[in-house]
Every structure is written in structure tokens, then in C-alpha cells.
Amino acid sequence: MTPVIEIRDLWTQFGEVVVHRGLNLEVVPGEILSLVGGSGSGKTVLLRQALGLQRPARGSVRVFGEDINGSRDARRLQELRRRQGMLFQHGALFSALTVFDNVALPMRELRTLPEELIRDATLLKLDMVGLQPEDALKMPADLSGGMIKRAALARALALEPELLFLDEPTAGLDPSRSDSFVELIRSLHRSLQLTVVMVTHDLDTLFALSTRIAVLADKQVIACGAPEEVVAVRHPFIEQFFGGERGRLALGGWRSRRERQ
Amino acid sequence: MPDQPLPQLTIRRTDRCQVAASGPWQVQALARQGVIGALRTTLAAVPADTAVEWDLSGIDALDHIGAQMFWNAWGKTRPQALTLAPQHRAVFERLEQASALALPAPPRPARFSMDRLGRPLLALTDHLLGFVGLIGQLVLDLGRFAARPARGPWKEISANVYRTGYQALGITALVGFLIGIVLSYLSAQQLHTFGGDIYIVNILGMAIIRELGPLLAAILVAGRSGSAVTAQLGVMRVTEELDAMLVIGLPHGFRLILPKVIALAVAMPLLVIWTDAMALAGGMAAAEFELGLAPSYFLRKLPEAVPIANYWIGLGKGVVFGALIALVACHFGLRIKPDTESLGQGTTLSVVTAITIVILADAVFAIVFSGVGYY
């Protein structure tokens with residue numbers, strides 16, 4: 001199976017600070033890969049590089065087999081962009097547009113779909129993420145944090161992407177909302193056959209969703225594999241990250257849930 | 001990827017009408033130029049009775065937007081004769097669930113209503129009240145500042161003087177010099193026809209020192225610093241910095257507005273002197289060039305032609321204009337709501353209002369000092 005994302009020997013540098021030193025990572029179709037790492041380990045930067053928002057100092061990033069920094073062809077890049085969706089940490093909804101227009105915008109920008117199809121498809125997307133049609137005409141400023149995340153997810157899913165990026169999907173949500181958001185992502189992943197790349201600090205979200213976990217530390221990916229494999233790796237960062245009280249709690253909860261299933 | 005297969009729809013008419021679909025029914029393929037149009041023409045040719053047999057088993061890939069097209073063509077119900085690939089069933093089930101969704105009608109405002117008539121009036125009153133409140137707060141803050149000058153926001157004042165004053169020297173010099181040249185040329189030609197060449201000094205001196213210098217500087221500063229102040233306060237609102245200041249115990253009036261008003265009230269008269277000098281230099285250069293009037297004569301004649309009162313009026317205008325620009329910019333900056341559109345609107349409104357108010361104040365000056373500074 002060809003990987004959806006293939007990162008080879010990636011170097012990132014901000015002035016004198018080296019963030020990634022010869023980093024390698026692969027994302028295979030259909031998985032939910034989580035990136036974890038300490039603050040400043042360059043998780044979000046890696047996500048932005050995979051989206052083509054930031055150029056690495058050295059190395060290649062291939063998405064769907066296409067080098068996103070080497071390609072000069074703007075149309076191909078555009079087509080590539082339409083196959084991926086991104087949920088930004090704070091939603092990044094366009095504040096001048098209603099929720100409905102925010103979700104409809106990517107479809108309208110194709111400039112070929114008829115308006116009534118866009119309307120129905122937008123309502124369906126809003127329904128998928130659990131928003132009511134009454135919320136559709138609200139402005140982003142009038143929404144709560146959880147609703148902003150849902151609306152932003154609906155916009156990310158507007159063009160039925162094969163690859164979905166999530167930046168801190170449950171940060172800033174209360175536990176019950178974050179549980180329902182995790183459930184939402186899981187069901188969408190199943191029904192839409194998505195590949196998901198996620199950055200998260202939330203251990204519960206991490207164990208609930210990930211099929212694989214990639215740990216960023218020492219400017220590289222120090223471990224990448226199924227959750228139980230990664231947890232067993234002996235490395236100071238991993239021991240600190242998963243071995244703390246919260247880590248043990250989340251891990252215990254996850255194991256007992258798995259045994260029940 | 002131009003060699004990709006396209007979604008296809010074919011109608012077979014035997015004893016019953018059969019519609020067969022094949023290819024990828026996904027948004028990327030459907031969005032290709034002309035695809036939707038062709039499919040809709042074919043769909044329109046399908047008879048609208050229930051005896052049509054739909055065969056969708058030939059579809060390679062289906063997403064919600066492709067399925068929605070069929071769903072809309074079916075009049076949002078499942079047709080009686082439908083053949084589906086098993087992996088595509090879930091998509092249609094999802095659509096069936098959501099088929100009752102409808103966008104609520106947006107509330108349509110009545111064309112003529114008291115509300116619409118009264119709204120601008122209310123907004124104006126609101127702005128006027130807010131502005132008066134701002135001035136009142138400024139007076140209180142000035143009192144507090146005067147009572148304990150050592151604890152005043154000196155650093156903020158100094159930073160603002162640098163930003164609104166020093167950094168505006170270049171643009172005011174350039175514009176002042178050019179306007180001086182233009183004015184000089186214009187007057188020189190008219191005066192020459194009457195043989196009153198030497199009166200160019202009077203015209204330039206009075207016009208620039210009394211009116212144009214302060215006005216030019218004020219308009220430039222309103223565009224330059226007024227917009228910057230409004231945008232800065234607006235972004236601080238968006239990022240909740242304004243709220244954070246209140247929580248820490250830093251009142252907006254004393255720490256944000258007062259330093260800006262004092263800084264502009266200090267910097268503007270200095271900018272006025274600078275603009276006056278530059279405009280006079282431009283006028284002097286043009287007068288020498290056009291009329292052959294020596295700069296030494298120009299400079300010797302200037303104090304006789306322009307009574308010193310005009311200079312003080314110009315400086316006074318500078319202080320008032322500076323304070324007004326800062327107040328208007330702060331007024332609009334603090335009213336920006338946390339969204340991008342409001343930021344743009346607020347900044348535009350702030351600059352337009354600041355320039356209008358400056359010109360209004362200039363008219364007031366002209367009336368009040370109508371008997372001062374002339375021979």
C-alpha cells in the first residue's frame with residue numbers, strides 16, 4: 001500500500017533553533033495517526049508542513065505521492081488540497097460568514113456545483129457533525145467552543161477529503177463534549193474511510209482514537225507504532241509522558257475498555 | 001489527472017425505462033468542467049413516473065455529494081426499483097435520515113419600519129454619548145495624572161510620541177514640500193498678471209502657517225496614526241488583551257487612551273512646525289524658480305507679512321487636532337467587536353471621522369479667531 005503521507009529526512013530550522021533533524025514518518029491509508037510530543041517539539045509545525053503551509057529547510061514531504069514543495073504546478077497542488085481537510089485548533093471559521101456559508105464555501109469555490117445541491121450537501125455535513133439547521137444561520141462569534149469545533153469539522157469535511165488533519169481536536173472542550181467529539185470523529189472515520197493525522201495532548205483522546213502513535217522527541221520520531229508498542233518503549237520522554245499519574249489513568253481506562261469489547 | 005474516468009449516466013428504454021450509472025460519483029469528478037451540466041441534461045430526460053428502474057451497481061466510488069445528486073433527482077425519496085452495491089447502502093441510509101433537513105428562512109426585515117429609520121439615529125446618539133463619556137474619562141484621568149505625575153504612564157507617552165511624531169517626519173516633509181511648490185506656482189502665475197509678485201510671501205506665509213500646515217499634518221497623522229491606533233485596540237479586543245488589562249487592574253483610560261492623547265497633543269504641534277517649514281521651503285524654492293524671488297528676501301519679508309499670532313493659532317490647532325485624532329481613534333478602536341469585518345469597518349470609520357472632525361474643528365477655529373492675526 002502506498003503511504004498517504006511520506007516524510008523523508010526532514011529538517012526544520014527557525015534561525016538557530018533546529019526543530020526537526022532528519023525526521024522520517026509515514027502515514028498509511030485508513031489509519032488514525034496521532035503525533036505526540038512535548039511543547040515546542042514541532043508537532044504543529046510538522047502538520048503545517050504536511051499541509052504545505054510551511055516549507056521545511058531540507059527534506060521532502062510527499063502527500064498522495066506528490067512532493068508538495070517540489071511541485072510548481074499550481075493546479076495539481078490545488079487538486080491535492082481538495083483531497084485533504086484540516087481542522088484548526090481554534091476552528092479558523094471565517095468570522096464574516098455564517099456557519100452555513102463557511103461550510104458551503106469550499107463547495108461553492110469549485111464553481112460547478114448547482115446551489116441546491118450545495119445547500120443539501122451542507123445541511124447533511126452539519127447534520128453529520130451534530131449541528132442543527134437552526135445553527136446554520138448563526139455567525140461564528142455566536143457559537144460556543146464545542147460548536148465552533150463541530151462547524152470547523154463540517155467545513156473540513158465539505159469536499160469529502162480522503163485525508164483529515166486535526167490540530168488539538170478536543171482542546172478547550174469539557175469532558176462530555178470531548179467524549180462526544182471523539183465519538184464523532186471515530187464514526188466519521190469509519191463511515192467515510194478517512195485517513196486521519198492528529199496532534200493532541202489529551203491522553204484520553206489519544207488512546208480512544210489512535211491506531212498508531214508517533215512520538216516526537218529529540219528532534220525526531222523516536223517511536224511509531226500501535227499504542228501498546230509505543231507505551232512499552234524505554235525512553236525518558238515516553239516514560240514521563242505516559243508514566244505520570246494521568247498517563248497511567250488514561251492507559252488503565254483504555255485497557256479495561258478494550259478488554260470489555 | 002486528466003485521464004481519470006468520469007461519472008456516467010445512461011438511459012436504456014426497453015419495455016421499461018432503465019437508468020444505469022457508472023464511474024466515480026465523487027465531488028472531485030463531479031466538479032470537473034461540464035460534468036454536472038451533462039448529467040443534469042440526462043437526468044432531465046428521465047420520465048418522472050415511478051416505473052423507472054435505477055441501477056447504481058456500476059458505480060466505482062460514491063460520496064455524499066454524488067449520492068445527494070441522485071437523491072435530489074428522485075425527489076428526496078427512495079425509488080421503488082433500485083439496485084445498489086452493498087457498500088453504497090450506508091450512504092443512502094444516511095441521506096434518508098437527513099432528508100427532512102431544511103434551512104430555516106432568515107428573518108426578512110420589513111422594507112420600511114421605524115426600526116430601520118431609527119437605527120442610524122440611535123447609532124449616532126450612541127457614538128456621541130460614547131465620545132462624550134470618553135472625554136469625561138480623559139478629564140478624570142488627566143486629573144489623576146496631574147495629582148501624581150510620577151506615577152503617570154511616561155513610558156507609553158514617550159513610545160507614542162516616537163511612533164506618531166518622529167516616524168511621521170518623513171511623510172509630512174515630503175507632502176508639505178510638494179504642496180508648498182504647488183501653491184507657490186499657482187499663486188505666482190496669478191500674481192504675475194497683476195504685477196504683485198512680491199505678495200507671494202504674504203499669500204504663502206498666511207495660508208501655510210495659519211491653515212495648510214496644521215491641516216496637512218492633521219490629515220496625514222489621522223490616516224497614519226489614527227488607523228494604527230484603532231487597529232491596535234481592535235486586535236487587542238479580538239485577542240482579549242483589553243479584558244486581560246482590566247483583570248490585572250490596568251484601566252484602559254489611564255494606560256491606553258491618556259498616553260495616546262497626550263502623545264499626539266505633544267507631537268502634533270511639533271509636526272505642524274515641521275510641515276510649515278517644509279511647505280515654506282517648497283514655496284520659497286518655487287518662487288525663486290518661477291518669479292526670481294531670492295530666498296533671502298523671502299525670509300526677510302516673512303515676519304512682516306505674517307503676524308506672529310498666526311503661528312500661535314497654528315500651534316493651538318496642532319494641539320487640538322492631535323487630541324481629537326487620538327480620541328476618535330480610541331473611541332472607534334474600543335468599539336470594535338471580535339470579528340474581522342468589524343475591524344476593517346471600524347478602522348475605515350475611524351479615519352474618515354477623524355479627518356471630518358479635524359476639518360470641522362478647523363472651521364470653528366476660523367470663526368473664533370476671525371479677528372486675530374490680520375493687519
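**Entry 1: two positive phi values in chain A**

I began with A:Glu168, which sits in the loop between S7 and H6 of chain A. The model I am reading is a predicted one, and I keep that in mind for every value noted below. For A:Glu168 I found a positive phi of about 50°, although this residue is not a glycine. I wrote the value down because most residues other than glycine have a negative phi. I then looked up its surroundings: A:Glu168 has 20 C-beta neighbours inside 10 Å and therefore counts as buried, since the cut-off for a buried residue is 20 or more.

I next turned to A:Ala92, which lies in the loop between S6 and H3 of chain A. Here too phi is positive in a residue other than glycine, with a value near 55°. Is A:Ala92 buried or exposed? It has 16 C-beta neighbours inside 10 Å, so I entered it as partly exposed.

**Entry 2: helix H5 of chain A**

I followed H5(A) over residues 145-156, 12 residues in all, and noted that it reaches 16 Å from its first C-alpha to its last, close to the 16 Å expected at 1.5 Å a residue. Of these 12 residues 9 are buried, so I describe H5(A) as largely enclosed by the rest of the structure. Among the buried ones I listed A:Met147, A:Leu153, A:Lys149, A:Arg150 and A:Arg155, and I added A:Ala151, A:Ala152, A:Ala154 and A:Ala156 to the same list. Which elements do the buried residues of H5(A) pack against? I found strand S6 (84-87) and strand S7 (163-167), together with helix H3 (99-108), helix H4 (115-128) and helix H6 (175-192), in chain A.

**Entry 3: helix H4 of chain A**

I then took up H4(A), whose end C-alpha atoms are 20 Å apart, which agrees with the 20 Å that its 14 residues should span at 1.5 Å a residue. For H4(A) I noted 10 of the 14 residues as buried, so this helix is also largely enclosed by the rest of the structure. The buried residues include A:Leu117, A:Ile118, A:Leu123, A:Leu124, A:Leu126 and A:Met128, and I also marked A:Asp120, A:Thr122 and A:Lys125 as being among them. What covers the buried residues of H4(A)? The cover includes H3, H5 and H6 of chain A, together with H3 and H4 of chain B. Just after the helix I noted A:Gly130, which follows H4(A) and has a positive phi near 85°.

**Entry 4: the contact between the chains**

I looked up the contact itself, which takes 24 residues from chain A and 24 residues from chain B. On the side of chain B that touches chain A, helix H1 (27-30), helix H3 (64-73), helix H4 (89-98) and helix H13 (340-368) of chain B each supply at least two residues. H3(B) gives the most to this side, with 5 residues. By class, I entered 14 nonpolar, 7 polar and 3 charged residues for the side of chain B that touches chain A.

**Entry 5: a sheet in chain B**

I closed with an open sheet of 4 strands in chain B, which has the order S1-S2-S3-S4 and mixed pairing. Its edge strands are strand S1 (8-13) and strand S4 (81-83) of chain B, each of which pairs on one side only. The twist averages 15° from one strand to the next. Looking at one pair, I found S1(B) and strand S2 (residues 17-25) of chain B joined in the antiparallel sense over 6 bridges, and I noted that B:Arg13 stands opposite B:Cys17 in S2(B).

Notes. Residues are numbered from 1 along each chain as its sequence is written. Chains are lettered from A and ligands numbered from 1 in the order in which they are written. This is a predicted model: local features need pLDDT of at least 70, side-chain atom pairs count only at pLDDT 80 or more; totals for chains, interfaces and linings use all residues. Two residues are in contact if their C-beta atoms, placed from the backbone, lie within 7 Å. Ala, Val, Leu, Ile, Met, Phe, Trp, Tyr, Cys and Pro count as nonpolar, Asp, Glu, Lys and Arg as charged, and the others, Gly among them, as polar. The expected span of a helix is 1.5 Å times one less than its number of residues. Two strands pair if DSSP finds at least two bridges between them. Axes are lines fitted to C-alpha atoms, for helices over the stretch in contact, and angles run from 0 to 180 degrees between N-to-C directions.
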